[in-house]
Amino acid sequence: MLWSTLLLAMREIRRNVLRSFLTMLGIVIGVAAVITMVTLGKGATQAIADQVSSLGSNLLIVRPGQRLGPGATSGAPPFKMADVQAIAEQIPQVRAIAPTVTRGMTVVAGARNWSTSVNGSNNAWFSTGSWQLALGREFSEAEERGGQAVCVIGETVRRELFGAQDPVGQPLRVKNFSCEIIGLLVSKGQSAFGSDQDDVVVMPLKTAQRRITGKQDITALRISVNDEAAIDQAKRQVTLLLRERRNITDSEDDNFSVLDTRQITETLSSTTKVMTTLLGAVAAVSLLVGGIGIMNIMLVSVTERTREIGIRLAIGALEREVLLQFLIEAVVLSSLGGLIGVLLATAASISLAALMQLPYLFDPAINLLSFLFSAAIGVIFGFFPARRAAQLDPINALRHE
Amino acid sequence: MDLAMDVSAPPLIELRQVTKVYGSGTASFQALRGVDLSIAQGDFVAVMGPSGSGKSTVMNILGCLDVPTSGNYLFQGVAVEQLDRNQRALLRRSYLGFVFQGFNLLARTSAQENVELPLLYRGEKLGSRHKLAHVALESVGLQGFAHHTPAELSGGQQQRVAIARAIVTRPQVLLADEPTGNLDSQTSNEIMQLLSSLNRDMGITVLMVTHEPDMAEYARRVIHFRDGRVERLQHNGEVA
């Protein structure tokens, strides 16, 4: 009985291919949207986690002011070299500290120019940022101390200015001075924020302070800690020390921020998760609308087939058998829509993930859940029309034209 | 099935003081005003009467599609008025077959599948469904038309498919509501001959509503209805 009812439902669906397809479309789009949103959201979260953890799990980033991300620091005073020395000397957990200044500017090589991010720092910049050198070398002690005009460039800068050529030993014009390229960084690709990490030039801190910013200010500190377990302790000590050095009284808030990589991951992930949830919810509403579409068509179908229902009831179909027939039809319609939705979502997720340079993470749970939800929608929205069919009076139904 | 009529056996169908009222209050309409009726196993009864005389109402009640407002309907001794909707559906699928004026076949469905429909609800297996449907189609003279849809069949052929569908479950009673109403006179006679032979050869009790005296002549007995009552009973001679 169940099997033949299923066949009957399939035949009804085939009989009205266009209408069945349009009815299913709501469910197809709903399911596809939910799965795609959640899959891409998960991919984005994963990408952020990967990016941040590639920085190393034992890294502290200290910035003036209380905000995350690049940009102006709302009047909070920058750091000085003395702060860097104090941290390095007084906090035993610190392994390396990279004081950094950053400026966006145009650099020139030969006839080509390129707008990039120019950093001043020390050799710790490489280790704290998990940078490897593809060619050349790091700064020498003399270059750092003397503020000599040397620099290391990222892959993007090389590509834009030198093409495939070896840039080491070539001169690079920055602002009004020329510096010698001594190294090339291994490419890291796009960052979690969507920016190109390879679009970078780094030179000794003193060189940048003297020739570019003209100030002794330091805009960020990257501190790597000996032991991952000591990171909370190190963070507390850095905070205490900086509060003292910056004369912050007990009643005042910090005018700088110390972030560890875990915290960055959490902050970014939670934002992505909220977005994923919101978009998923919007998509779920479209699933609901799809369900109402199915109910609508099933009601039309019951009216159209009143006579057929009358015949079935007259020859002895039980109420529940007629109910089952229409319910199964609705469920087949909606789960077929769900199935197409899952396939569509897989195709959409893979291509969108590739387009957005996110990893594609197949999530069996959300696929299964969406599919089951679409079937459940068939049951819920198919029940009312099916019950209406089952409760028809056979005499009136047979008279129906 | 034994054709011999046992006078002492209880009648297959018995109506006792059956009334039927549609609606309520001032808008109510009394379709049946106390009908007593007794039909024996193997009988062939035609119900006649002008429209509004209650003949359709009595057929609906006899077909267990409707229940009397008062009075009793005994089918093989069972009080039908006390059965619920589902029990009446089970009774219909087990003991009754229906033939309608408008054929009422499922459109775009083959003759074979139409005939198999009642078997489906009885839970017959696929193999036996095919076999029984084949036999039923053969007994109405439609072998070779199993895969035609109603649209591809003439009116007479459609009615034959409907009759095959009604008898495929080997029912006790065949209820026919104006079975020849949509057919020309020659086809009508063919259909009536078919019903007669089913009654005679298979022992199926046939109850038929008609307004054509010619068709009523095929029946053994004719019950005339007027104003919700049995006006008179007429016995025809043995039919050919």
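Right, the A–B contact: in this predicted model, 17 residues of chain A touch 19 residues of chain B. On the chain A side, the elements that put in two or more residues are α1 (2-15), α10 (306-314), α11 (319-355) and α13 (394-399). Which of them gives the most? That's α10(A), with five residues. If you sort that side of chain A by class, you get ten nonpolar residues, five charged and two polar.

Okay, stepping back to chain A as a whole. We've got 13 helices and ten strands here. The C-alpha trace spans about 105 × 55 × 35 Å along its principal axes. For 401 residues, a compact globule would come out with a radius of gyration near 21 Å, but chain A has 32 Å. As for burial, 41% of the 401 residues count as buried. And take the contacts in chain A between residues at least 6 apart in sequence: 83% of those join residues at least 24 apart.

Now let me zoom in on one helix, α6 of chain A, residues 155-162. The buried residues there are Val157(A), Arg158(A) and Leu161(A), and yes, there's an arginine in that list. Looking down the axis of α6(A), those buried residues fall within an arc of 100 degrees, so they line one face of the helix. That fits the usual picture: an α-helix has 3.6 residues a turn, so residues three or four places apart point the same way.

So what covers the buried residues of α6(A)? The cover includes strands β2 (94-109), β3 (112-121), β5 (150-153), β7 (177-185) and β8 (200-204) of chain A. One last detail: just after α6(A), Gly163(A) takes a positive phi, about 65 degrees.

Conventions. Residues numbered from 1 in each chain as written. Chains lettered and ligands numbered in written order. Predicted model: local features only at pLDDT ≥ 70, side-chain atom pairs only at ≥ 80, totals over all residues. Contact = placed C-beta atoms within 7 Å. Helix = DSSP H or I, 4+ residues; strand = E, 2+ residues; numbered from the N terminus. Nonpolar A, V, L, I, M, F, W, Y, C, P; charged D, E, K, R; others polar. Buried ≥ 20, exposed ≤ 12 C-beta atoms within 10 Å, placed from the backbone. Arc of directions from axis to C-beta. Rg over C-alpha atoms; globule rule 2.2 N^0.38 Å.
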